[in-house]
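Me: I am new to this structure. Can you teach me how to read its features, one at a time?

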Amino acid sequence: MTNKLKYFIGNWKMFGDIGSFKIIYKINQFSSKYRKLYKIKIVLCVPNTLIYFFKKKLKSKHLSLGVQNCHYHQESGPFTGSISATMLKNAGAEYVILGHSENRSEGETNNLIRKKITSALNQKLNVIFCIGETYKEKNKGNTFSILRKQIKNSLKKNFSLNKIIFAYEPVWAIGTNKIPKIKELKNTIKFIKNEFKKIFKTKKSAIVLYGGSVNPKNICLFSSISEIDGFLIGGASQSSKKFIDIIKNYYK
Ligand code: PEP
């Protein structure tokens, strides 16, 4: 196990209220101690209704806060029910998840995701950019071509690429308790990193997380894949115990 920086990012999805601050509090306590032992970065992406309150209450450098989507339009405008990157940044968000398959399944295209990323980067938000294939696409052997298309069509060469973290999330693994075979996952992470270098003609390595049904039990399986830079954790991040156990078990 190297001591390379690893990200543990929680995606709370549609979960939480003001009382859920206790989860953040416990994870923050844990982070303040564990960061002395290992190079970890913890981010919790919470609903828009909570970001301002949590940010004000937290006042900590051991944990960062983010949100889970933004509108493509930069600031304010006639977009009923939508929230812009500027508003989220002003409310305290440092990170934003974009391209999540739960939003893609409601019609979000690569083109729209690109516009949202543009907006988020203009506000200097860090983007957690989700990509991944469906079960059908995997079975047809199309995983790599789908990933390539998602990367090429959602990112532009002039983006601040150092503000983008990739999250490889096979759609069939999200919330299903299914995870990819370790060898296959290693190859896919390598593919994303190579593709990034090719498309953007850079020697810099992309940061690539894995997401999909990560839990305190299966996390040990991923420790052997040195190419993984961390994890995007959905359901299990709604419990401080599960989230903390994932991190502890990863380093066991
Ligand atoms: C997610 O929502 O990004 C995710 C990975 O969910 P889960 O961990 O619940 O599969």
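Reply: Start with axes. An axis is a line fitted to C-alpha atoms, for helices over the stretch in contact. Keep in mind that this is a predicted model.

Me: How are two packed helices described?
Reply: Two packed helices are described by the angle between their axes and the distance between the axes. Take helix α5 (residues 110-122) and helix α7 (residues 143-154): they pack at about 45°, and their axes are 8 Å apart.

Me: What does that angle make α5 relative to α7?
Reply: Angles under 35 degrees count as roughly parallel, and 65 to 115 as roughly perpendicular. The angle therefore makes α5 oblique to α7. As for handedness, α5 and α7 cross in a right-handed way.

Me: Which residues make the contact of α5 and α7?
Reply: From α5 come Asn 110, Asn 111, Ile 113, Arg 114 and Ile 117. From α7 come Lys 149, Gln 150, Asn 153 and Ser 154. By class, that contact of α5 with α7 has 5 polar, 2 nonpolar and 2 charged residues.

Me: Let us try another pair. At what angle do α1 and α2 cross?
Reply: Helix α1 (residues 21-34) and helix α2 (residues 48-58) cross at roughly 40°. Their axes come within 11 Å. So α1 and α2 are oblique to each other. The crossing of α1 past α2 is right-handed.

Me: Which residues touch there, and of what class?
Reply: On α1, the contact uses Phe 21, Ile 24 and Asn 28. On α2, the contact uses Phe 53, Phe 54, Lys 57 and Leu 58. The contact of α1 with α2 divides into 5 nonpolar, 1 polar and 1 charged.

Me: Now pockets. How much space lies in the largest pocket?
Reply: A pocket is read by its volume and its lining. The largest pocket holds about 470 Å³ of space. Its lining has 18 residues, and Asn 48, Gln 68, Asn 69, Cys 70 and Asn 103 are the closest to the centre. By class, the lining of the largest pocket has 9 polar, 5 nonpolar and 4 charged residues.

Me: What volume has the second largest pocket, and which residues lie nearest its centre?
Reply: The volume of the second largest pocket is about 280 Å³. Of its 15 lining residues, Asn 162, Lys 204, Ser 205, Ala 206 and Ile 207 lie nearest the centre.

Me: Which elements give two or more residues to that lining?
Reply: They are β6 (164-168) and α8 (182-199). By class, the lining of the second largest pocket has 8 nonpolar, 3 polar and 4 charged residues.

Conventions
Residues numbered from 1 in each chain as written. Predicted model: local features only at pLDDT ≥ 70, side-chain atom pairs only at ≥ 80, totals over all residues. Heavy atoms only, no water. Axes fitted to C-alpha atoms, helices over the stretch in contact; angles between N-to-C directions. Helix = DSSP H or I, 4+ residues; strand = E, 2+ residues; numbered from the N terminus. Parallel < 35°, antiparallel > 145°, perpendicular 65-115°, else oblique. Left-handed = near helix turned anticlockwise from the far one by under 90°. Contact = heavy atoms within 4.5 Å. Nonpolar A, V, L, I, M, F, W, Y, C, P; charged D, E, K, R; others polar. 1 Å grid on protein atoms, 1.4 Å probe; cavity = no way out; pocket = protein on both sides within 12 Å on 5 of 7 lines; lining within 4 Å. Points joined across faces, edges and corners; volume = space filled by probe spheres on them.
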